[in-house]
Amino acid sequence: MVKQMLTAPVGAPSDVERIKEESNYLRGTLVEVMQDPISAGIPEDDNRLMKHHGSYLQDDRDLRNERQKQKLEPAYQFMLRVRAPGGVVTPEQWLVLDELAEKNANGTIKLTTRQSFQMHGILKWNMKETIQEIHQSILTTLAACGDVNRNVMCNPNPDQSEIHAEVYEWAKCLSDYLLPRSRAYHEIWLGEEKVAGTPEIEEEPMYGARYLPRKFKIGIAVPPSNDIDVFSQDLGLIAIVEEGKLCGFNVAIGGGMGMTHGDMATYPQVAKIIGFCPSDKVVELAEQTITIQRDYGNRSVRKNARFKYTVDRLGLEAVKAELEKRLGWSLEEAKPYQFNHNGDRYGWIKGMQGKWHYTLFIENGRVADFANYKLKTGLYELAKIHSGDFRLTANQNLIIANVPSQEKKKINELMEKYGLSDGKQHSALRRSSMACVALPTCGLAMAESERYLPELIDKIEGIVDENGLRDEEITIRMTGCPNGCARPGLAEIAFIGKAVGKYNMYLGAARNGSRLNKMYRENIGEPEILSELQVLLSRYAKERRQGEHFGDFVIRTEIVKATTDGTNFHE
Amino acid sequence: MPVGRKKACLRALREFHSAPSPRKKRDHGHYDLQLSKKICGTPPIIHTNLLFQNEVVILQLQVLNSPFNQEQAELLNRILPTLTESQKFWLSGFLAASQMNSAMETSVAQTTQQKTNQQHTKEQTLPKEITILYGSQTGNAQGLAKKAAKRLEESGFQVTLTPMSDFKPNKLKKVQNLLIIVSTHGEGDPPDSAIIFHEFLHSKRAPNLEDLHFSVLALGDSSYEFFCQTGKEFDQRLEELYGTRLYPRFDCDVDYDEPAAEWLEGVLGSLRNAQGESPTPSKSTAPRGVESAYDRSNPFQAEVLENINLNGRGSNKETRHLEISLEGSGLTFEPGDSLGIYPENDPVLVDLLIEEMKWNPEELVTIKAGDVRPLRTALLSHYEITILTKPLLVKAAQLSASKELKELTTPGNEQPLKAYLEGRDLLDLVRDFTPWICSAQEFISILRKIPARLYSIASSLAANPDEVHLTIGAVRYDAHGRERNGVCSILAAERLKPGDTLPIYIQHNENFKLPQNPDTPIIMVGPGTGAAPFRSFMQEREETGSPQGKSWLFFGNQHFVTDFLYQTEWQKWLKNSTLTKMDVAFSRDTDQKVYVQHRMLENSKELFEWIQDGAAVYICGDEKHMAHDVHQTLLTIIEKEGGMSREKAEEYLAEMQQTRRYQRDVY
């Protein structure tokens with residue numbers, strides 16, 4: 001065991017730390033500013049707190065300049081993120097969300113890369129009603145964003161439903177246990193009376209008044225699928241199944257995607273396995289891991305505040321030692337496991353107990369009614385008759401789960417009627433694609449993502465077809481900024497936005513999500529992207545070995561150097 | 001057109017010249033009339049007009065009021081109404097050339113009127129004191145009253161010039177010479193500042209005025225049913241109270257400059273006669289310049305600097321923000337003043353009209369002696385083509401062989417005629433009543449001059465030197481199977497580009513002014529384009545610095561996201577405390593429609609406290625609905641919070657109005 005004093009980085013606390021500390025446990029002046037009728041926005045300080053309530057203030061950036069000239073404030077609107085552990089919701093909940101999106105948001109739902117729902121375009125005065133209806137449906141937006149533990153991901157894994165059920169229970173358990181305890185959310189949105197005169201009660205026994213230095217992400221993978229990208233999590237748990245039973249989890253810590261362009265001190269990182277934890281101890285494991293980050297994370301520089309930097313700074317062994325010290329017990333040695341891929345398996349799969357599951361391809365997770373494709377209406381109609389549940393995958397797709405055999409026909413008919421499908425008509429490349437929201441709503445976006453990737457893939461599909469790679473699954477991901485919402489660091493081909501129309505291009509991540517990619521070209525536009533891919537995919541088609549994934553091929557042929565750790569991502 | 005557009009910015013509806021659609025008429029029966037309030041156009045043929053109006057009986061030639069014998073008078077009375085403008089021009093020239101009585105050169109009406117006056121006033125000698133009372137909403141009557149005062153003073157009279165709102169009715173008995181200059185609004189209503197005096201005069205308390213000599217100058221718009229109604233009522237009532245008419249009433253149409261000048265000279269002549277002096281020939285009736293060389297009759301060609309739509313994407317409305325340069329004009333204004341614009345007609349409509357009549361667009365036409373222009377140009381920039389009036393149809397009936405038109409303009413058919421006028425324009429007229437049996441020259445001679453549109457100024461000269469800003473709501477609607485456009489608003493919305501010029505002038509409005517004392521709190525109620533003058537108020541208060549009184553703005557519109565006019569500016573003024581408080585009502589964002597008056601009621605207690613603390617209340621915008629509802633709401637608040645009866649509350653508000661603590665700029 002390493003005997004050393006752990007310390008947090010020195011430096012003045014960032015402004016966000018002050019805001020949290022002065023917020024009286026996430027209250028701030030949210031009640032007042034949400035009532036201010038003169039602006040549809042809220043001040044920056046309150047927006048920082050708002051994130052902890054599951055929402056960001058955004059504006060329609062397409063209209064920003066235009067409205068400024070018109071003497072109108074930006075088209076302020078709120079994004080609201082609904083967390084659902086493991087992405088599981090009932091058909092009734094689906095209907096509620098669909099109706100809310102129609103009534104109070106922009107009429108679409110975004111299925112996120114973390115198995116959450118996002119609604120965009122909600123006006124300030126509709127927020128309370130929206131949150132209340134979500135709450136009534138037994139979902140929540142609390143801590144869907146902010147410096148707290150986020151939605152806990154887990155593998156929806158419909159073909160092993162007994163394991164899934166158990167893993168899901170743990171995901172739910174972790175998710176609930178790690179929620180903030182402050183009543184601020186209930187007071188502000190749900191009309192709960194503020195209980196006066198009990199200051200001695202600690203509002204946040206785990207988080208404390210300043211909450212965490214940065215967001216904290218937990219995900220549980222069930223091998224052989226690494227669909228949730230377990231190594232991108234702050235705390236990744238790999239379910240270990242022995243003799244058909246869940247016995248516990250391999251524990252990986254310190255993963256994360258975000259970085260800042262041009263800042264070498266920031267980098268994506270893969271989580272490292274530090275051992276094995278039995279199922280029944282996983283909650284305390286998570287809690288103590290979080291308290292380490294709470295105590296030693298960087299509260300001075302936010303872009304270095306994720307747990308991955310804490311782990312890298314303190315050293316994996318030191319963190320493990322501290323964790324075991326806090327737990328009062330030691331982790332067991334990690335158990336063997338095997339990941340094959342980090343994508344989804346589309347179409348019907350028969351699970352246990354005669355139930356069927358259909359994985360529906362939803363491009364970039366956008367549930368909307370398009371001109372010739374009434375996806376949203378189709379799902380709404382489906383939710384009306386579906387007796388099982390819905391599961392959001394980590395790749396922004398949707399599983400219509402637990403369909404009894406006798407209802408399969410009805411489901412099929414509806415899917416056919418609305419053209420809902422597994423996406424077989426598309427290339428495998430498209431079905432392995434992911435994009436974050438980016439423009440026009442995301443305030444961080446530097447370039448297009450969700451609105452552009454499908455169009456770019458149209459063109460790449462031409463190249464793919466020319467080279468006979470239509471059925472080759474190659475993960476391709478795009479984000480509008482380097483914060484990494486679509487986990488681009490773990491894609492075989494990735495584009496990270498630098499400016500409108502310009503992207504950094506990355507290659508060489510492992511197909512099973514265990515290795516980061518590396519920058520191949522900087523700041524290029526569509527013509528260069530296409531000409532590069534023309535060469536690369538043509539070479540891949542000709543020179544690949546049997547079963548060799550594209551990400552591995554570019555390493556072997558030395559097109560890029562392998563990134564063996566986040567710390568050498570920029571090399 | 002979406003239904004929402006119909007209710008488009010109330011401000012824009014000032015442009016009554018694009019007559020409202022029947023639908024709008026049903027919904028808001030009075031828009032057309034309200035709209036006239038800001039309009040003061042110019043028919044150059046006022047005298048002949050008089051012969052064709054209702055007043056024809058009064059002005060008909062008689063043995064007593066003319067140098068003609070019975071037979072001559074009858075013949076003339078028969079022939080004169082049938083003459084077209086060009087025939088009259090010809091005739092007058094002919095008579096002049098024949099060295100006939102030179103008095104005939106001016107006009108039959110004037111000559112006869114002067115005769116009348118002489119008969120009226122011959123026997124008396126009147127004192128040299130003259131009281132001029134004016135009732136003005138937009139400042140036209142006030143401007144004329146000031147001119148009259150100046151002219152009379154120059155002629156040696158002692159003039160007391162007073163707005164009706166400031167005049168103590170009990171002093172009326174002592175007045176011997178009274179001139180009344182008053183406009184008419186809404187459905188023949190007096191302007192705000194004239195209401196109390198008007199009421200008094202029509203009440204039982206009105207005194208016997210047998211010693212009074214008076215004359216009335218009435219302002220109005222002949223396209224409305226109750227043309228010059230208020231002036232007529234004053235005129236009639238003063239007679240009923242045994243006053244003596246010093247000089248006959250003149251009813252001025254939208255272009256009032258010339259007839260008003262003529263009336264003034266007539267009054268002066270009568271007064272001089274009564275003084276025993278021989279009337280001096282009038283030197284010049286041209287209006288005198290005030291601060292600037294430019295005014296209503298000599299507009300400044302101002303360059304447009306900026307023209308933007310204030311409504312965000314997806315709005316039902318379009319509201320133009322215009323920034324106009326005053327550089328080199330010498331024009332100045334104060335917050336609360338208005339800007340007059342002489343717009344150009346829509347070229348598409350002009351071309352349709354020319355095509356319909358198979359006219360030659362290049363044909364030279366005479367607008368008045370010495371002013372000859374190509375027909376298309378004349379129709380574009382000189383004549384009103386978007387509204388029909390009764391006098392116009394009466395004259396048009398002489399130019400068409402259409403039996404229907406003759407029928408429609410026959411006495412007894414007033415109701416169908418009125419119905420026809422509504423929402424129709426000249427193109428409808430020429431299409432509906434063929435065949436036309438006249439030249440282009442004859443036809444255009446019956447048209448009114450295009451009137452200027454007045455807009456409340458949205459900027460402060462102190463904050464934006466050499467600039468004037470306007471807030472103009474675009475008016476578009478369908479009527480009688482065709483899309484109709486507001487003349488000036490659609491010019492602004494669709495054709496006017498930065499760099500273009502507009503003929504403009506300043507219309508001062510003493511009835512809408514910030515309090516003299518900058519520490520006086522102000523309450524501003526301005527939904528939609530009604531916010532315009534309050535932007536000017538805020539700019540002025542911000543520019544002139546502290547200490548400043550508190551201020552409170554009530555603003556409303558359809559949707560928060562798209563229709564919050566000047567949103568970022570109000571936000572800035574709230575932040576830097578130029579604006580103390582703001583309440584907003586967006587009627588279409590909620591299931592239940594909320595308007596500014598609801599916000600006022602919600603803040604009833606505080607609002608009354610402000611009023612008790614001396615706050616001045618300003619209302620700008622639509623009259624018939626908004627201003628009326630806000631007025632009632634103010635009464636309710638005063639009643640409730642002040643513990644008063646309705647009657648007391650009315651007195652309280654009337655007192656506020658008298659003391660200029662309740663001012664309205666409504667349309």
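**Figure 1. Polar contacts and salt bridges between chain A and chain B.** Eleven residue pairs, both members at pLDDT 80 or more, are in polar contact between chain A and chain B (N or O atoms within 3.5 Å, one able to donate a hydrogen and the other to accept it; residues adjacent in sequence count only if both atoms are side-chain atoms). Helix H4 (residues 64-69; a DSSP run of at least four residues) gives the most to the side of chain A that touches chain B, with three residues. Two salt bridges cross the interface (a side-chain nitrogen of Lys or Arg within 4 Å of a carboxyl oxygen of Asp or Glu). Arg313(B) and Glu66(A) form a salt bridge at 2.6 Å, N to O.

The model is predicted; local features need pLDDT of at least 70, side-chain atom pairs count only at pLDDT 80 or more, and totals for chains, interfaces and linings use all residues. Residues are numbered from 1 along each chain as its sequence is written, chains are lettered from A in the order in which they are written, and side-chain values use heavy atoms, without hydrogens and water.

**Figure 2. Cysteine positions listed by UniProt in chain A.** The unreviewed UniProt entry lists Cys436(A), Cys442(A), Cys481(A) and Cys485(A) under "binding site"; such annotations may be inferred rather than shown by experiment. These residues span 50 residues in sequence, yet no two of their C-alpha atoms are more than 11.2 Å apart, so they gather at one spot.

**Figure 3. Surroundings of Cys481(A).** Cys481(A) is buried, with a relative accessible area of 9% (buried: under 20%, 1.4 Å probe, protein chains only). Beyond its neighbours within four places in sequence, Cys481(A) contacts Leu444(A), Ala445(A), Met446(A), Ile496(A) and Gly497(A) (heavy atoms within 4.5 Å).

Conventions
Buried < 20%, exposed > 50% of the residue type's maximum accessible area, 1.4 Å probe, protein only. Helix = DSSP H or I, 4+ residues; strand = E, 2+ residues; numbered from the N terminus.
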